[in-house]
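Dear colleague,

I am passing on the structure we talked about, with the sequence alongside. My notes on how its strands and helices are arranged follow below.

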Amino acid sequence: MSLTTDAPIQHDSVGHMPEGVTLPMPPQNPAVEEERLIRKQELAAAFRLFARCGFSDGVAGHITARDPEHPTAFWVNPFGMAFGQIKVSDLILVDHDGTLLEGKRPVNNAAFCIHSEVHRARPDVVAAAHTHSLHGKAFSSLGIPLDPITQDSCAFYEDHGLYTDFLGVVNDTEEGRRIGVALGAAKAVVLQNHGLLTVGASVAEAAWYFVTMERSCQAQLLAMAAGTPKLIDPDTARTVREQTSGPLPGWFQFRPMWDQITQQEPDLFD
């Protein structure tokens, strides 16, 4: 099943294209069943990619996708299952009260406490991603936001929050609610002493933001270790943010990773 349509892309970051030249685009107005499958396939692919990136750490980490028919429920990875082995059929469906609606394994309690509240606070969000990635963890311990020191990090300029109330493993929805408040209307939040969380209007967008935010944290850590990074000026940083981020650019940035993982690990569709 194709998850793209061949239609001209309409975004300022793409230069003039000759007539007849097209790029893949998200399906327009798919039926509920098709949209559910798209979200679940992208979710399984994102887990496989996160495994390759080294973002899996024991049983920690989760990515969720809101169900298109039941917006108060979300698809998520089964508790204790390796990211690199997750298939579409393994995903479980949980509602905002913690009830398991579909699946054969339980949900990670921290995943429920965080993601149920993030999804509740942000009805515009389809997906949320959080793992204990190495550089995200290291950067989060500084208790500071990302600086606009590279083109990639500009995507998060004035568009990410900082949550400073680390209280251990998230075991109650009240902390999840506070994380949702710290996220606000942004695309991401740094969880101090914990890691990163990103959101998007698609699984692809949320997953891409996580990958590029983790790498931006790595770049800033390296730059700070070497000296004093030079900041991109605010007006330029805002311009670059608008050029490189948003639902369509976020989705499109994920496509090369999608193409690679689905070709090399087609069993994820099972």
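The main feature to look at is an open sheet of eight strands with mixed pairing, in the order β6-β5-β4-β3-β7-β10-β9-β8. Please bear in mind that this is a predicted model. The edge positions are taken by β6 (100–102) and β8, each of which has a single partner strand, so one side of each has no neighbour in the sheet. From one strand to the next, the twist averages 25°.

Strands of a sheet pair through backbone hydrogen bonds, and the pairing can be parallel or antiparallel. There are examples of both here.

Antiparallel: strand β3 (residues 62–66) pairs with strand β4 (residues 73–76) over three bridges. Ala 65 has Trp 75 in β4 as its bridge partner.

Parallel: strand β8 (residues 160–163) and strand β9 (residues 188–191) are joined by four bridges. Here Tyr 163 has Leu 191 of β9 as its bridge partner.

The β8 and β9 strands also belong to a β-α-β unit with helix α4 (residues 173–183), and this unit is right-handed. Helix α4 lies across β8, β9 and β10, and runs at about 140° to β8.

Helix α2 (residues 109–121) lies across another set of strands: β3, β4, β5 (92–95), β7 (127–131) and β10 (195–200). The angle between α2 and β3 is about 40°. Strand β10 is thus on both lists, lying under α2 and under α4.

Regards

How values were computed:
Residues numbered from 1 in each chain as written. Predicted model: local features only at pLDDT ≥ 70, side-chain atom pairs only at ≥ 80, totals over all residues. Heavy atoms only, no water. Pairing = 2+ DSSP bridges. Helix = DSSP H or I, 4+ residues; strand = E, 2+ residues; numbered from the N terminus. Right-handed = clockwise from strand over helix to strand, strands pointing away. Axes fitted to C-alpha atoms, helices over the stretch in contact; angles between N-to-C directions. Contact = heavy atoms within 4.5 Å.
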